[in-house]
Structures are given as structure tokens and as C-alpha cells.
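Got your viewer ready? Load the model below, switch on side chains, and we'll hop from one stop to the next.

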Amino acid sequence: MIRYISQKQLPLEGFDTPPGMILDLNNRWVKLRDCLPWDELSESYYKTLCSNLGRPAKDARIVIGAVIIKHKLSISDEETVEQIRENPYLQYFIGLKGFQAKAPFASSLLVEIRKRMGQTVFDEFHESIIETVEPRRTKKSVKASDDDNDDDVSNSGEVGSCDTGTAMEAEQSLADEPPRNHGKLILDATVAEQAIRYPTDLGLLNEARELSELIIDELHAKSNRPQKKKPRTYREIARKAYLSLVKLRRPSNRKRRAGIRQQLQFLQRNLNHIEAMLTEYPPGTPIPLPNWLLRRYWVLPHLYRQHYEMYKTNTRRCDDRIVSISQPHLRPIIRGKQGKAVEFGAKISVSLTDKGLAHVDKLHWDAQHEGHDLEAQVEAYKKRYGYYPEVVIADTLYGSRDNRSYLERKHIRFSGKPLGRPSKSTPENKDEIKRLKGQNSILGDKKVHAQRNSVCACLPIHLKPEFLLGSAI
């Protein structure tokens, strides 16, 4: 059920605080509260709820504000509730009428909120915020241009002599012409790393073996035939074999393969025991396992098959390789960076406009070539502003022949170097080469690199790679 309350809140002076507490009008949460379109965000959130059935839901201002706080500070659900309970600025931000020492909701509510909010709701949030920010920037630029026009008019004094008919014809001709390209678009890609342990073959197999042993214990404890003996798992022998190998400073390839073979055998034995124990539950009967453990059990057979194939073929790669049992959707993404050749997380394609707004256009869990997203990102720019950008700034990965031909058809300049060998300087083309060099000097390599780095600087803190080394999105 929806209980809608308008998000037009009291000013900060009307917020009830304990005696002696004075709130600052320049606090970042007070400023952010004034920038967000709360009514539009609430309307998008309430589309996922029924208007006349069920228990009345929490106010949308509280829910949306809590989600923003969690991701802006990159903290856990429990820490989010504690921060809101202790901080009066955060309570003012989420729409409470006054400071209260009691938590406004339980931390488990954030789990239900994430399930309720899909990609569609977050896309509507994104568009509402952009539509709110864009008019403010446009008004500032229009006001500045009007001031310049007034100065020109006052200096010239010859406005009255313009022919009205000629002005109308010029306006009509401009209206008939297609909109010209305007602005610049900066493209780049990064990886939002997830908080997982660095995966190794031996470590993943050991974790899978321990989970299979836990599943056997759970099924045996809840079995309808308790008189039957619990299957042997050899967990102590398997644990000793694993520790004896991981404690070696530099194990040889032969010892490593022998250890992987042992863990594969232990895991296969446990999976066979689990399949035999599940036969007493007919199809359609719920399996007596908690949801988190059941989801991990579905991953174990796939993990075993992948590592068995890599062991038999003596290779270290396979398609759709699982690197985390708790997050099986993660894939290794090779970035080729110094000191970090492989990253694990979502690969996002980001675009930054000259208006200072960064857009996350694409999110891939698989390793995708970011150059394939250029056309979609340029078309998204056209959809937002009604015209194509004048120049696209990106690294050489975006400079494929297909992308260059697409940009040429749209009359968009690309900042990268032209393909092929540079033209030989002759008296005939000397002026043209000089013009191109002057054009490239405006978008030199160092400046382009700095502008592309500004894309990550405009991302929210929870999407920046440097802030994701120890936390998840």
C-alpha cells in the first residue's frame, strides 16, 4: 500500500533538534537535499507498489535517501542504518521531521528495496536527476548570453535599422536546416571491482569442498532417516593436503597439479554423496537447505566441470570461468594495467559531456571491447540533447575503421590519430598538414588523457575503481 506524502520539506530551521545543537546550512547533505527532485523520484519508486493492497510502505523519501547514503558512502546496510541513527544531517536528508535516537527502519529493509528496484526504476531516477540539473545549467548559460547581447546592443546602437523581413527569413532558413553538431563527448571504460578474494584454482576447489561438506551435514541433520550413517568426507585429510601445499613458498607445477587432482577427487566424492542424499526428496519437494547455501550448491557442479576440463587439458583458461562461488556472474577482465593485469567486476562504459555530466551508458559482466559501445553512446547523446557532438575524445581502442566511418557519416571529428602512415610533407599539402597539426595540438595526447581521466573523477564514489578494492557495489 502507498501512503504518499509530498516531498516538499520544511526548511532547515524547522527541523527539530536537541537543545544546543545548531545545524549548518552549508553542510553537504543539506545542499544535496535541495538539488534532488524528490517528487519525481518518489513517483518512479511507487510504480513498483500497489496503491490499495498490502501493508503501508515506508515513505519513498526515507527509502530513496537511505539508498543514496549507502552508495555515496560505500558502506554496508547495517552501517547505513547506524549512520542515519547517529547523524542529524542524514535524518534531515531522508525527510524526518526532527532528530530521533531510534533507527527509522531495520537494515534488512534495504535488501527488499534492492529487489524491488529494478534497472527500470534506476534509469528513471537517472533521467529525473539529469532533467533537474540540465535546466539550471541552461538558465545560467542563457542568462550569460543575454547579458552579452545587451552589451552588444548598447554598444552598437543600430539595432533599429535591421530589416524585419530579412530577420524572419533568416530564422526560417535556420529552422529548416538540420541541427548542427555541438559540444564534445569524452568516452572511456573502467572496471568496478567487486570485493572478492583473488581466485586461484586450489583456493576455489578448497572452498567448494568445504561448502559441499556443509551441505552434507545439513542434509544429514534434516534427513527423514536419521539411523543411516553420514557419508564419509575425509575432510581432515583434505584440509591437511590443502594446507601442506598453500604453505609452500613456490610450489612446483607438478605439486600444484597433484594438489588440484586431490581436491577434485574429494569434491567429486562429496557431490556424488549429495546427489544420493537428494534422491529422498521427490521433484517439487523443497530441499531443506537455506537459500544462500542452495544457491552455492547450484554453482558447485559447474565449477567442478570447468576445473576438471582445465586439469585434463593442462590449460588455465575456459569459457565463462567462475572466479567466485558467492558471485558466479563475475568474470575475469584483462585490462593490461601495470601491476594489475586482471580485474574482477563489472565493466562500465562511461561518457562525459562538456556540461560536466557523466553517464554510465553500458554495463557488462563479461569482457567486452569498449569500442563496440561508441555508436550507442553517440546516439544516446543525440537523444538527450537533440544534436550530435562536434568532437568525440577517446583513446585508440575506439578508433576502429567502423567507428571512424560512422563518425565521418555523422560529421563528427575524432580526437585520435588517423590510421596509416602520416602523409609526406610536400609543397602542395604543406598547408593542410599544418592545419591538421594545429587541430591535433588543441586535443593533444596529454590533454586528451587528462580529459579521459576526468570521466572517472565524475563517477560516484561507489563506481570508482580506486574505491572498490575493499568494498562491493
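Select Lys-382 and Tyr-388 to begin: Lys-382 lies over the face of Tyr-388, 5.6 Å from the centre of the ring. A charge counts as sitting over a ring if NZ of Lys or CZ of Arg is within 6 Å of the ring centre and within 35 degrees of the ring normal. Now pick Arg-61 and Trp-38, where the charged end of Arg-61 sits over the Trp-38 ring, 4.0 Å from its centre.

A quick word on what you have open: it is a predicted model, where local features need pLDDT of at least 70 and side-chain atom pairs count only at pLDDT 80 or more, while totals for chains, interfaces and linings use all residues. Residues are numbered from 1 along each chain as its sequence is written, and side-chain values use heavy atoms, with hydrogens and water left out.

**Rings in pairs**

Keep Trp-38 selected and add Trp-29 and Phe-93: ring pairs link these residues into a cluster. Rings of Phe, Tyr and Trp (its six-membered ring) pair if their centres lie within 6.5 Å; planes under 30 degrees apart count as stacked, over 60 as edge-to-face, and the rest as tilted. How many aromatic pairs turn up in a search of the whole structure? The search finds nine.

Next, select Tyr-45 and Tyr-46. Their ring centres are 5.7 Å apart and the planes meet at 55°, so this pair is tilted. Are these two buried or exposed? Tyr-45 is buried, at 1% relative accessible area, and Tyr-46 is buried too, at 8%. (Buried means under 20% relative accessible area, exposed over 50%, and partly exposed in between, using a 1.4 Å probe and protein chains only.)

Another tilted pair is Tyr-381 with Tyr-385, at 4.8 Å centre to centre and 55° between the planes. These two tyrosines are four residues apart in helix H13 (residues 374-385), so about one helical turn separates them. An α-helix has 3.6 residues a turn, so residues three or four places apart point the same way.

**Along H13**

Select all of H13, which has 12 residues and reaches 17 Å from first C-alpha to last, close to the 16 Å expected at 1.5 Å a residue. (That expected span is 1.5 Å times one less than the number of residues. Helices, H or I with at least four residues, and strands, E with at least two, are DSSP runs numbered from the N terminus.) Colour its buried residues: Leu-374, Gln-377, Val-378, Tyr-381 and Tyr-385. They cover an arc of only 100° around the axis, which puts them on the same side of H13. The arc is that of the directions from the helix axis to the C-beta atoms. Step past the end of H13 and you reach Gly-386, with a positive phi near 85°.

**Over to H10**

Now select helix H10 (235-246). Which of its residues are buried? Ala-238, Ala-241, Tyr-242 and Leu-245 are. Looking down the axis of H10, you'll see the buried residues fall within an arc of 95°, so they line one face of the helix. Turn to the other side of H10 and you'll find Glu-236 and Lys-240 exposed. Show H9 and helix H11 (253-277) as well, since both are among what covers the buried residues of H10.

In the loop between H9 and H10, click Tyr-234. Its phi is positive, about 55°, although Tyr-234 is not a glycine, and at 29% relative accessibility this residue counts as partly exposed. Asn-224 sits in that loop between H9 (201-221) and H10 and counts as exposed, at 62% relative accessibility. Draw a distance from Asn-224 to Glu-280: their C-alpha atoms are 8.4 Å apart, with their positions 56 residues apart along the chain.

**Two last clicks**

Ser-74 is in the loop between helix H3 (60-73) and helix H4 (77-86). This residue has a positive phi near 55° without being a glycine.

Finally, find Lys-31 in helix H1 (residues 28-35). Leaving aside neighbours within four places in sequence, Lys-31 is in contact (heavy atoms within 4.5 Å) with Leu-25 and Asn-26.

Zoom out to finish: the protein has 16 helices and six strands, and buried residues make up 37% of its 473 residues.
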